[in-house]
Amino acid sequence: MSQDVPTLYEWAGGAEALNRLTETFYDKVLRDPIIGPVFRTMSPDHPAHVAAFIGEVFGGPKTYSEKFGGHREMVMHHLGKHLTEEQRRRWINLLADAADAVGLPDDPEFRSAFMGYVEWGSRLAKMNSNLGETCDPETEPMPAWGWGVPGGPYRPPETK
């Protein structure tokens, strides 16, 4: 893609927008009877860490990798949680609701890329949560999510 095409991070509104997203999302999560118990002991910094992770995945600064350990560390946080399909789906729905609540872009191209990542990432988290083994840092690179295959069905809109 050309250099003038914004990353998903830029299109979303950068760190400020992703921090609003995760603050709103985890407020909903903590009040939810299905997924809330999984997060009841999360640290107050958890929403900011997740915002940094999503930001990096979406083409923003490498803050999560540099400060918090990268993708391997994110995977390690899920091991042994034994997430269910019901919890995974609730997580997705609450995140989609939070994206609407904070005004993330609602153009079909962005939301398709955003929800594609959420679907992929939540399935990976569920799978990892049911493993009893650790992951190899060499095989757990940080994902990089974008608009899709150049020329494919999902491209950024021409204007914002």
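Here are three short exercises on this predicted model, each with a worked solution.

**Exercise 1.** Work out which parts of the chain the salt bridge between Lys 126 and Glu 85 ties together.

*Solution.* Start with the pair itself: the two side chains meet at 3.3 Å, N to O. Next, place the partners: Lys 126 sits in helix 8 and Glu 85 in helix 7, so the bridge ties together parts 41 residues apart in sequence. Now check the surface: Lys 126 is partly exposed, at 25% relative accessible area, and Glu 85 is partly exposed, also at 25%. Finally, zoom out: both belong to a salt-bridge network that also includes Arg 88, Arg 89, Glu 119 and Arg 123.

**Exercise 2.** Decide whether Ser 129 is buried or exposed, then find what its side chain contacts through polar atoms.

*Solution.* Buried means under 20% relative accessible area. Ser 129 comes out at 0%, so it counts as buried. As for location, Ser 129 is part of helix 8. Now the partners: a polar side-chain atom of Ser 129 lies 2.7 Å from the backbone oxygen of Lys 126, and one lies 2.9 Å from the backbone nitrogen of Leu 83.

**Exercise 3.** Find the residues with the most contacts inside the largest nonpolar core, and see what Phe 110 touches.

*Solution.* That core has 34 residues, and the ones with the most contacts inside it are Leu 21, Phe 58, Leu 104, Phe 110 and Phe 114. Helices 1, 2, 4, 7 and 8 each give two or more residues to it. Now pick Phe 110: leaving out residues up to four places away in sequence, it touches Leu 8, Trp 11, Ala 12, Leu 104, Pro 105 and Trp 147.

Technical notes
Residues are numbered from 1 along each chain as its sequence is written. This is a predicted model: local features need pLDDT of at least 70, side-chain atom pairs count only at pLDDT 80 or more; totals for chains, interfaces and linings use all residues. Side-chain values use heavy atoms; hydrogens and water are left out. A nonpolar core is a set of buried Ala, Val, Leu, Ile, Met, Phe, Trp, Tyr and Cys residues joined through side-chain atoms within 4.5 Å. Buried means under 20% relative accessible area, exposed over 50%, partly exposed in between (1.4 Å probe, protein chains only). Helices (H or I, at least four residues) and strands (E, at least two) are DSSP runs, numbered from the N terminus. Contact means heavy atoms within 4.5 Å. A polar contact is a pair of N or O atoms within 3.5 Å; within protein, one must be able to donate a hydrogen and the other to accept it, and residues adjacent in sequence count only if both atoms are side-chain atoms. A salt bridge is a side-chain nitrogen of Lys or Arg within 4 Å of a carboxyl oxygen of Asp or Glu.
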